[in-house]
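Work through the exercises below with the sequence and the coordinates open. Each task is followed by a stepwise solution.

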Amino acid sequence: MASHGFWSLGGDNAGANTGSQSPSTPRAWCQAAAQKLSGGIGSKLCALLNVGEGEKPGEPTAKLPPQTAEGTCGCNKTCNCTKTGVVFSDLYSTDLLPAMDGDTKTMTFLQEVVDILLAYIVESFDRETKVIDFHYPNELLQMNNWELQDEPATLDDILISCRATLKYAIKTAHPRYFNQLSTGLDMVGLAADWLTSTANTNMFTYEVAPVFVLLEYVSLKKMREIIGWPDGRGDGIFSPGGAISNMYAMLLARFKMFPEVKEKGMSSVPRLVAFTSEHSHFSIKKGAAALGIGTESVICIKADESGKMIPADLERRILEAKQKGFVPFFVSATAGTTVYGAFDPLIAISDICKKYNIWMHVDGAWGGSLLMSRRHRWKLDGVERANSVTWNPHKMMSVPLQCSALLVREEGLMQNCNQMHACYLFQQDKHYDLSYDTGDKALQCGRHVDIFKLWLMWRAKGTIGFEAQIDKCLELSEYLYNKIKDREGYEMVFDGKPQHTNVCFWYLPPGIRYMEDKEERKKHLHKVAPVIKARMMEYGTTMVSYQPQGDKVNFFRMVISNPAATFEDIDFLIEEIERLGQDL
């Protein structure tokens with residue numbers, strides 16, 4: 001049986017018989033926390049969650065911190081906390097640091113904020129709570145005053161706003177949230193995110209981010225080694241997301257073939273064309289639009305029934321483009337397509353790219369993390385032949401958003417392509433090795449510190465920890481597939497086991513299960529997933545995505561990347577789909 005993860009705080013006794021008490025309840029967690037955590041934090045969390053002895057969780061509702069007596073700090077015991085006597089209704093942001101004598105007030109205010117966050121974190125992992133407290137936009141606008149004012153609000157109002165924001169937030173850490181590719185909440189990654197926000201520095205030079213710059217250097221090198229490039233040589237950068245990483249790759253491919261485009265623009269080069277699968281991410285076309293290449297210059301290659309690019313069609317379209325006088329410069333293969341989770345045949349694609357001297361990019365934003373798994377990395381065989389690879393640790397590796405890396409095989413190319421020699425920032429007479437000033441090879445100037453989350457989690461888990469996490473998610477997806485492939489009322493969108501954690505299926509309610517008119521059945525089936533999804537959100541019990549694909553009407557796309565999910569959560573999803581759709 002899969003571990004309960006976050007709830008296994010009880011340490012060595014986590015698996016012991018604890019009577020009727022489930023480790024997946026806040027009450028059990030609080031008892032373990034009170035024993036394990038120092039400084040009364042465990043007791044404080046119990047008080048915040050309002051979970052006491054003999055209490056039984058009721059219907060999924062948002063838990064609010066209990067009211068505390070005047071003159072106490074709320075940590076459920078007699079103490080001399082700095083919270084005592086602080087009245088936030090009389091304080092404003094100008095009373096906090098750097099205000100004179102603002103240190104105590106600042107500490108007290110931030111402790112209150114942390115209390116709100118900790119309560120939300122524990123609640124997010126509680127299966128008795130809602131995934132979402134859904135309200136329509138107009139309702140949510142009317143329920144709270146979100147408007148910005150000329151006059152400052154008190155710190156008491158600020159804390160109320162923090163609580164309200166989280167009350168209506170989607171609990172993406174919830175074990176039953178399966179809606180998008182980025183799910184789960186890692187505690188070490190969260191701690192790293194807090195640290196980088198506190199440091200509040202920029203990644204453009206070593207002088208302002210010495211440790212972070214070095215951590216990016218060693219992490220990118222390690223990722224290149226895992227891809228299979230000799231000694232981890234090459235280059236790379238962390239960008240705001242997979243779409244930008246893919247655009248970086250297209251930018252580099254164009255510069256590699258026509259370096260004059262940097263100064264002279266697109267008028268200096270012939271008509272360029274790029275190639276990608278018809279199942280690829282929309283960012284390939286968006287990148288072409290942003291770079292002035294144009295979306296019409298992105299040629300979509302046919303995919304087979306399981307969503308993999310067909311190499312023969314790629315070669316045919318390359319030859320066709322060349323005959324028209326166009327210049328093929330970029331092929332984007334996908335390792336883990338967004339909908340089907342398909343892995344394009346990288347070896348065959350690389351052979352074609354080599355034959356026609358075309359830059360080969362692998363968009364591994366979703367599937368690149370399988371390189372961490374000895375059991376599944378074969379799905380990316382040939383990735384080491386690529387010129388560039390996109391890899392998003394904020395997806396399968398559950399690194400907090402955002403964390404996307406572009407890895408490049410040729411060292412120095414990014415610098416030559418993007419550098420502008422801004423002397424006010426990248427002075428050439430600094431007293432340290434200037435190769436550690438990374439800003440001039442980036443499109444951005446200001447660049448967020450994304451690396452520390454990944455680096456600290458990697459230190460905490462080790463490569464084997466990430467491997468176990470990824471293998472577990474793939475095991476859960478296979479479990480779901482095996483449960484529904486022959487189950488009455490379900491049809492798979494394509495034959496065969498899922499390649500990634502994407503499980504694509506239709507649910508056919510009893511009302512349309514035996515319709516003989518295929519067109520009428522198809523029309524009704526198209527409406528099923530949206531209705532069930534809407535009901536999921538209104539009840540707040542779970543969330544899973546749906547979409548059409550080509551000529552296929554709306555189907556559910558289940559993706560699993562949340563380490564907190566268990567086999568029981570998969571069972572719950574199946575039962576919930578059937579419960580919410582039985583009358584359709």
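**Exercise 1.** In which loop is the place of Gln 402?

Solution. The model is predicted, so local features need pLDDT of at least 70 and side-chain atom pairs count only at pLDDT 80 or more, while totals for chains, interfaces and linings use all residues. Residues are numbered from 1 along each chain as its sequence is written, and side-chain values use heavy atoms, with hydrogens and water left out.

Step 1. Helices (H or I, at least four residues) and strands (E, at least two) are DSSP runs, numbered from the N terminus.
Step 2. Gln 402 has its place in the loop between S7 and S8; strand S7 covers 388-391 and strand S8 covers 404-408.
Step 3. Gln 402 is joined to Leu 401 by a cis peptide bond, with omega about -5 degrees.
Step 4. Another cis peptide bond runs from Leu 97 to Pro 98, where omega is near 15 degrees. Pro 98 sits in the loop between helix H2 (41-49) and helix H3 (103-124).

**Exercise 2.** Describe the surroundings of Lys 395 and Ser 398.

Solution.
Step 1. Lys 395 is in the loop between S7 and S8, and Ser 398 lies in the loop between S7 and S8 as well.
Step 2. Classify by relative accessible area: buried means under 20%, exposed over 50%, and partly exposed in between, with a 1.4 Å probe and protein chains only. Lys 395 is at 13% and therefore buried. Ser 398 has 4%, so Ser 398 is buried too.
Step 3. List contacts, meaning heavy atoms within 4.5 Å. Apart from neighbours within four places in sequence, Lys 395 is in contact with Leu 181, Ser 182, Ala 365, Trp 366 and Ser 561. With residues up to four places away not counted, Ser 398 touches Thr 183, Asp 186, Pro 393, Met 457, Gln 469, Ser 561 and Pro 563.
Step 4. Check one distance: the C-alpha atoms of Ser 398 and Asn 562 are 7.1 Å apart, although 164 residues separate them along the chain.
Step 5. Consult the record. UniProt, in an unreviewed entry, places the feature "modified residue: N6-(pyridoxal phosphate)lysine" at Lys 395. UniProt positions are given in the numbering used here, feature names are shortened, and annotations may be inferred rather than shown by experiment.

**Exercise 3.** Characterise the packing of H6 on H14.

Solution.
Step 1. Helix H6 (residues 187-199) and helix H14 (residues 451-484) pack at about 145 degrees, and their axes are 8 Å apart. Axes are lines fitted to C-alpha atoms, for helices over the stretch in contact, and angles run from 0 to 180 degrees between N-to-C directions.
Step 2. The contact involves Val 188, Gly 189, Ala 192, Asp 193, Leu 195 and Thr 196 of H6, and Phe 452, Lys 453, Leu 456, Met 457 and Ala 460 of H14.
Step 3. Sorted by class, the contact holds seven nonpolar, two polar and two charged residues. Here Ala, Val, Leu, Ile, Met, Phe, Trp, Tyr, Cys and Pro count as nonpolar, Asp, Glu, Lys and Arg as charged, and the others, Gly among them, as polar.

**Exercise 4.** Are Asn 200 and Asp 231 buried or exposed?

Solution.
Step 1. Asn 200 is in the loop between H6 and helix H7 (210-227), with phi near 50 degrees, a positive value in a residue other than glycine.
Step 2. Asp 231 is in the loop between H7 and strand S2 (235-239); its phi is also positive, about 60 degrees, although Asp 231 is not a glycine.
Step 3. Asn 200 has 66% relative accessibility and so counts as exposed. Asp 231, at 57%, counts as exposed.

**Exercise 5.** Compare the spans of H8 and H17 with expectation.

Solution.
Step 1. The expected span of a helix is 1.5 Å times one less than its number of residues.
Step 2. Helix H8 (residues 242-257) has 16 residues and reaches 23 Å from first to last C-alpha, close to the expected 22 Å.
Step 3. Helix H17 (residues 567-581) has 15 residues and should span 21 Å; its end C-alpha atoms are 22 Å apart, which agrees.
Step 4. For burial, 12 of the 16 residues of H8 are buried, including Asn 246 and Met 250. Both of these touch Ile 284, a residue of helix H10 (residues 283-290).
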